[in-house]
Amino acid sequence: MRFLVLGILLLAPAASSQEVRFLQSTHGQAWVVAFGPDGRLLVSGNSDGTASIWDLETGAVRSDLGGHEGTVPAVAIDPEGRFVVTGGWDCRVRVWEAATGRPVRDLAGVPENDHVLAIALRPGGRVVAAGLINGEVLLWPIEGGEPRVLTGHSGKVAGIAFSPDGRLLASGSMDQSVRIRDVDSGEERSRLDHASYVQAVAWSPDGSTIAAADWDFVRLWDARSGAAGRAIRGHDFQIDGLAWSLDGRRLATASYDGKVRVWDPASDAPPLVLETGDQSPHSVAFSPDGARLAAACHDGIRIWSLR
């Protein structure tokens, strides 16, 4: 079923002088955001058990995706924009038609009482990965079936990301590690240790670098050697969101300190600071052309123009 709900659009100067567009959530807090492949759609996961598909040309909610119970902290869109995948605290992973909002299938095999915290789609869109509160990572064909289970973490898996070539999967955990595994064999290739729990991971578009966010900072790791690189510091509180621009020239972070920061990962230049007040951004996503940055916040979604 499709619903059309008008969002509230506001233009106001942010502290950095960037323009910000505000989409008012009508479904509690926005927890996560993801752009569609053409940049015209945005999907948000919400605290009331729904996900929303926004039409960014009109500012309207094209479809509300119901069916979860509790917060939906994980969403993904396949590279062709055909399917939306959602994961919830209700231990369900669901696949939807992006164009209509129609439910397609539930992916079976999430253990009872194991919240889904993270979702990623393998490049090409045919494999779904989910990070669970029990420390497991599940992998399914998007067509459904029983999942493959990757074990090894001893704490919740809050961040997952495929390498750009789809051969490897990075998972970040409360056990203070990032594990890199071969997607087809499940073999662990390397373990990257942090000093506190890892909340988010993101693979650079060229495949050379893994960014992993913990409580204190973002660590850049050499994806091939596993060598620790630069530590990016600046937030005053827990970092929840992390995203690369598709050209690899910018890295965005979102923190409970109420700020989104946009970094040049190749230099020590000061970051662009985008203010949300006290609205605690959970998640960030760049538009495919890199011209916009969206953040899921307590009161709704903020979208900054970066040009």
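**Exercise 1. Find which residue of strand 6 stands opposite serine 44, and describe how strand 5 is paired.**

Solution. Serine 44 stands opposite serine 52 in strand 6. The model is predicted: local features need pLDDT of at least 70, side-chain atom pairs count only at pLDDT 80 or more, and totals for chains, interfaces and linings use all residues. Residues are numbered from 1 along each chain as its sequence is written, and side-chain values use heavy atoms, with hydrogens and water left out.

Step 1: terms. Strands (E, at least two residues) and helices (H or I, at least four) are DSSP runs, numbered from the N terminus. Two strands pair if DSSP finds at least two bridges between them.

Step 2: one side. Strand 5 (residues 41-46) pairs with strand 6 (residues 51-55) in the antiparallel sense, over five bridges. Their hairpin has four residues between the strands, and glycine 49 there takes a positive phi near 95 degrees.

Step 3: the other side. Strand 4 (residues 30-35) runs antiparallel to strand 5 and is joined to it by five bridges. Valine 32 is the residue opposite glycine 45.

**Exercise 2. Which residues point each way from strand 5, and are they buried or exposed?**

Solution. Step 1: the term. Buried means under 20% relative accessible area, exposed over 50%, and partly exposed in between (1.4 Å probe, protein chains only).

Step 2: the rule. In a regular strand the side chains alternate between the two faces of the sheet.

Step 3: the residues. Leu41, Val43 and Gly45 point one way, while Leu42, Ser44 and Asn46 point the other way; all are buried. Strand 5 is thus mostly covered, with six of its six residues buried.

**Exercise 3. Describe the surroundings of glycine 39.**

Solution. Step 1: place. Glycine 39 lies in the loop between strand 4 and strand 5. These strands form a hairpin with five residues between them, and glycine 39 in the turn has a positive phi of about 75 degrees.

Step 2: cover. Glycine 39 has a relative accessible area of 5%, so it is buried.

Step 3: contacts (heavy atoms within 4.5 Å). Leaving aside neighbours within four places in sequence, glycine 39 touches Leu56, Pro288 and Arg292.

Step 4: a distance. Aspartate 268 is 229 residues from glycine 39 in sequence and 30 Å away in space, C-alpha to C-alpha.

**Exercise 4. Why is strand 25 largely enclosed by the rest of the structure, and what are its partners?**

Solution. Step 1: cover. Strand 25 (residues 251-255) is largely enclosed because five of its five residues are buried. Leu251, Thr253 and Ser255 point one way, and Ala252 and Ala254 the other.

Step 2: strand 24. Strand 24 (residues 239-244) runs antiparallel to strand 25, with five bridges joining them. Isoleucine 239 stands opposite serine 255. The hairpin has six residues between its strands, and glycine 248 in the turn has a positive phi of about 75 degrees.

Step 3: strand 26. Strand 25 also pairs with strand 26 (residues 259-263), in the antiparallel sense, over four bridges. Alanine 252 has valine 262 as its bridge partner.

**Exercise 5. What does the secondary structure of the protein chain come to, and how much of the chain is buried?**

Solution. Step 1: the count is zero helices and 30 strands.

Step 2: buried residues make up 59% of the 307 residues.

Step 3: the C-alpha atoms fill a box of roughly 45 × 45 × 30 Å, taken along the principal axes.
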